[in-house]
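User: Please take a close look at one part of this protein, and explain the terms as you go. Then set that part in its surroundings in one connected account.

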Amino acid sequence: MIESLLVANRGEIARRIIRTARRLGIRAIAVHSEADAGLPFVLEADEAVCVGPANPAQSYRNVEAILAAAKSTGAQAIHPGYGFLSENADFARTVEASGLVWIGPGADAITAMGDKINARNLMAAAGVPVAPGTTDPAADLDAAVTAAAEIGYPVMVKAAAGGGGMGMGVATDEAALRTEYDKVRSFAERMFGDGSVLIERFFPRVRHVEVQILGLADGRVVALGERECSVQRRNQKLVEESPSPAVSPELRERILAAAVRAGEAVSYRNAGTVECLLDPSTQEFFFLEMNTRLQVEHPVTELVYGVDLVEEQLRVASGLAPTFDPDALAPRGHAIELRVNAEDPKRFLPGPGAIQTWVEPTGEGVRVDSGYVEGNIVTPFYDSLMAKLIVSGATRAEAIERARAAVAAFDLTGPKNNLPFFAELLENEEFLSGDYDTALVSRMR
């Protein structure tokens, strides 16, 4: 096992990685911006290095500063968490070229899955179901119009290099496509430096289901169940649960096998997630994308499968066998994660500010992965995620009851927050039935 680890991230995920590292006796090193100097992850690390000002481009995405911090502290490995540099293949290559251990999949796998069109074509060749759509970027608007006519409206217009729910639009006819194509292409050029656009079939009623995979040190790829991620606002997740209430045993067998094939197609190592769209009316599923990193929602898998995914990441990178039996994986109970964000609970607009009160809920089946404590300031420079409230129970009904109690007990004042939305959701009949889709939040609002 590695002996020292630099965490190239911030907030709750840095704190969560540091927790596992210290439990395993690994020296944990934090990097931080000037704005984050007083946050818990910095104070809890064995050592911390300031890598720049608040602007992420000058700190958390500053490759030279992060590598210099690793060198000066004697770090043996780098864990990128999620976001920032976590899916940057060039960074992964640079880390390894510097003689450090990269805690994540190989750069070639990141590259292969980073482009949605390339990934889609790879998956189709591997026998993973893909939605009807273009196999090459729509070179211009006329090509997009032609492709949409062949696929059939409505269509999804997607940035090929996008991710995290960004760079997507829906067109119900040619006039709408002409507007959305220009909008998505312009956004993609600004945000990702790549204006390539993909056209796919759009499913009006769909569920978002993903599979946690782990590429082991011995070359095998295993699946640790699925997560339901259909409670979303602006195509970004708010709630995740495992197992999915929409997935039958027969469907689970098919979707997990497809996810393993996806990983094997790119010789995947370490943790990753295969995201799919599920048509609940036909039980057909289609590959959406692969996230070549640890996911925000990984705790629900940890609670249902009884594993520490960060520990497993470290073991894979160290060439060690997993702590579990790959041939005896089975879910137990149910887990739900609520993303507690600094945003108003109606329109979900960011609401940063000073935390006046912060008292986390406790009790059986309750876990809180937080990035803040009372007295900290949630700044406008980063993602609005403050904490993840994760609950588990023997059944989905028990997990929901614990979620209700935990939301009510979470005493948080200062920044705007979405706890009132979760209280509303946990009484919503559609959510309670388990028969919901990605449009649930829009129907509630």
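Analyst: Helix α5 (residues 107–114) and helix α6 (residues 116–125) have axes that come within 5 Å and cross at roughly 100°. The two helices are therefore roughly perpendicular to each other; angles of 65 to 115 degrees earn that name, while those under 35 count as roughly parallel, those over 145 as roughly antiparallel and the rest as oblique. Axes here are lines fitted to C-alpha atoms, for helices over the stretch in contact, with angles running from 0 to 180 degrees between N-to-C directions. Helices (H or I, at least four residues) and strands (E, at least two) are DSSP runs, numbered from the N terminus.

On the α5 side, the contact is made by A112, M113 and G114, and on the α6 side by K116, N118, A119, L122 and M123; contact means heavy atoms within 4.5 Å. These residues divide into 5 nonpolar, 2 polar and 1 charged. In this scheme Ala, Val, Leu, Ile, Met, Phe, Trp, Tyr, Cys and Pro are nonpolar, Asp, Glu, Lys and Arg are charged, and the others, Gly among them, are polar.

The model is predicted: local features need pLDDT of at least 70 and side-chain atom pairs pLDDT 80 or more, whereas totals for chains, interfaces and linings use all residues. Residues are numbered from 1 along each chain as its sequence is written, and side-chain values use heavy atoms, with hydrogens and water left out.

K116 leads onward to K158, a residue of strand β6 (residues 155–159). Leaving aside neighbours within four places in sequence, the contacts of K158 include K116, E200 and L288. K158 counts as buried because its relative accessibility is 1%; buried means under 20% relative accessible area, exposed over 50% and partly exposed in between (1.4 Å probe, protein chains only).

L288, a contact of K158, falls within the numbering of β13 (284–291). That strand begins an open, antiparallel sheet of 8 strands, ordered β13-β12-β9-β10-β11-β14-β19-β17. Each of β13 and β17 (366–370) has a single partner strand, so one side of each edge strand is left without a neighbour in the sheet. From one strand to the next, the twist averages 25°. Two strands pair if DSSP finds at least two bridges between them; β11 (residues 236–242) and β14 (residues 334–341) have 4, in the antiparallel sense. Helix α10 (residues 298–305) lies across several strands of this sheet, including β11 and β14, and runs at about 155° to β14.

Another sheet is open and parallel, with 5 strands in the order β3-β2-β1-β4-β5. At its edges, β3 and β5 (101–102) each pair on one side only. Within it, β1 and β4 pair over 3 bridges, and L6 stands opposite I78 in β4. Helix α3 lies across β1, β2, β3 and β4, at about 155° to β3. The buried residues of α3 (residues 63–73) are A65, I66, L67, A69, A70 and T73, and they pack against those four strands and α4 (89–97). Just after α3, G74 takes a positive phi of about 75°.

Finally, the whole protein has 15 helices and 20 strands, and buried residues make up 57% of its 445 residues. Its radius of gyration is 21 Å, which agrees with the value near 22 Å for a compact globule of 445 residues; the radius is taken over C-alpha atoms, and the rule is 2.2 Å times the number of residues to the power 0.38.
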